[in-house]
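Subject: Structure handover

Hi,

Here is the structure I promised to pass on to you. Have a look at it first, and then read on for my notes on what turned up.

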Amino acid sequence: MDNHCILLSKNIPGGRLNLRTLDYGLPQMSHCCTVFHPEGGYAYLSLNVSVLFGVFSGVSEKNVFFGESYYDLAVTPSDHLGMPFHHIAHKILAESPDVQSAARLLENCKRQSNLQLLLADESTACIYLSSTKTFILLQENEVESVTPNEKKNFKLNSH
């Protein structure tokens, strides 16, 4: 078991498929869909476990998708001094009309954690490596984030 979710964005007949598997599979946790209507922002939904308020996977009324996955990079105590990613996700989904504006917002905020983040809209998909010191575009267009242990089964079932 890897404790790493899968991020995927690809074009399919009729549109784009954006996906983040939920890596919290404990039977004691229920999953929920929460819809937010921020004043002065875009409505968006969060697909999450019911015990957490943050956004791990979400999509806005502008069809901006956000998904995160842990990235194994050494973390120091100072790496936890920024805005938590699940608060950044609320901001991205409420304020960004497209991937480019979401990426600018993410790049310019004080980030914490070490994550791979999937940002997608109807025409663009990007996976970024995001940490306190790093913001790098890793992949564009048809993108995926899968651990080496998951790669074989992922490729086998990716159709």
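Let me begin with a pair of strands: β5 and β6 run antiparallel to each other and are joined over three bridges. Within that pairing, Ser 57 sits opposite Gly 67 in β6. Please keep in mind throughout that this is a predicted model.

The hairpin formed by β5 and β6 has four residues between its strands, and one of its residues, Asn 63, takes a positive phi near 60 degrees. Most residues other than glycine have a negative phi, which is what drew my eye to this loop. Is Asn 63 partly exposed or buried? With a relative accessible area of 34%, Asn 63 counts as partly exposed. A second case is Asn 141, whose phi is also positive, near 70 degrees, in a residue other than glycine. Asn 141 belongs to the loop between β9 (135–140) and β10 (143–145), and at 47% relative accessibility Asn 141 is partly exposed.

On its other side, β5 has a further partner: β4 and β5 pair in the antiparallel sense, over four bridges. In that pairing, Tyr 44 stands opposite Ser 60 in β5.

Now for the overall picture. The protein chain has three helices and ten strands, and from the N terminus on its elements follow the order β-β-β-β-β-β-α-α-β-β-β-β-α. Of its 159 residues, 45% count as buried. The accessible surface comes to about 8,800 Å², and carbon and sulfur atoms hold 55% of that. Among contacts with a separation of 6 or more, 51% join residues 24 or more positions apart.

As for confidence, the chain has an average pLDDT of 82, and 84% of the residues score at least 70. Strand β5 (residues 57–60), where these notes began, has the highest mean pLDDT among the elements, at 94, while helix α3 (residues 148–157) has the lowest, at 74. Where pLDDT is low, the predicted coordinates should not be read in detail.

Next, the interior. The largest nonpolar core has 24 residues, and those with the most contacts inside it are Phe 66, Ile 92, Leu 106 and Leu 119. At least two residues of this core come from each of α1, α2 (99–108), β7 (115–120) and β8 (125–130), and α1 gives the most, with six. Another core, of seven residues, lies apart from this one; Phe 65, Ala 120, Ala 125 and Ile 127 are among its members. In soluble globular proteins, nonpolar side chains tend to be buried together.

Phe 66 is a good residue to centre your view on. Leaving aside neighbours within four places in sequence, Phe 66 is in contact with a list of residues that includes Val 55, Phe 56, Ser 57 and Gly 58. From further along the chain, the contacts of Phe 66 include Phe 85, Ala 89, Ile 92 and Leu 93, as well as Leu 117, Leu 118 and Leu 119.

Which residues of α1 are buried? They are Phe 85, Ile 88, Ala 89, His 90, Ile 92, Leu 93 and Ala 94. The cover over these buried residues includes β3 (31–36), β4 (44–49), β5, β6, α2 and β7.

Finally, the salt bridges, of which the count is two. One links the side chains of Glu 68 and Arg 20, at 2.7 Å from N to O. Glu 68 lies in strand β6 (residues 65–70) and Arg 20 in strand β2 (residues 15–20), so this pair ties together parts that are 48 residues apart in sequence. Both Glu 68 and Arg 20 are buried.

The other salt bridge joins the side chains of Lys 91 and Glu 95, at 3.1 Å from N to O. These two are four residues apart in helix α1 (residues 85–95), and therefore about one helical turn separates Lys 91 from Glu 95. An α-helix has 3.6 residues a turn, so residues three or four places apart point the same way. How exposed are the two partners, and what are their relative accessibilities? Lys 91 is partly exposed at 32%, and Glu 95 is partly exposed at 43%.

Happy viewing, and all the best.

Definitions and conventions:
Residues are numbered from 1 along each chain as its sequence is written. This is a predicted model: local features need pLDDT of at least 70, side-chain atom pairs count only at pLDDT 80 or more; totals for chains, interfaces and linings use all residues. Side-chain values use heavy atoms; hydrogens and water are left out. A salt bridge is a side-chain nitrogen of Lys or Arg within 4 Å of a carboxyl oxygen of Asp or Glu. Buried means under 20% relative accessible area, exposed over 50%, partly exposed in between (1.4 Å probe, protein chains only). A nonpolar core is a set of buried Ala, Val, Leu, Ile, Met, Phe, Trp, Tyr and Cys residues joined through side-chain atoms within 4.5 Å. Contact means heavy atoms within 4.5 Å. pLDDT is the predictor's confidence in each residue, from 0 to 100. Accessible areas come from the Shrake-Rupley method with a 1.4 Å probe; for residues, only the protein chains shown count as cover. Two strands pair if DSSP finds at least two bridges between them.
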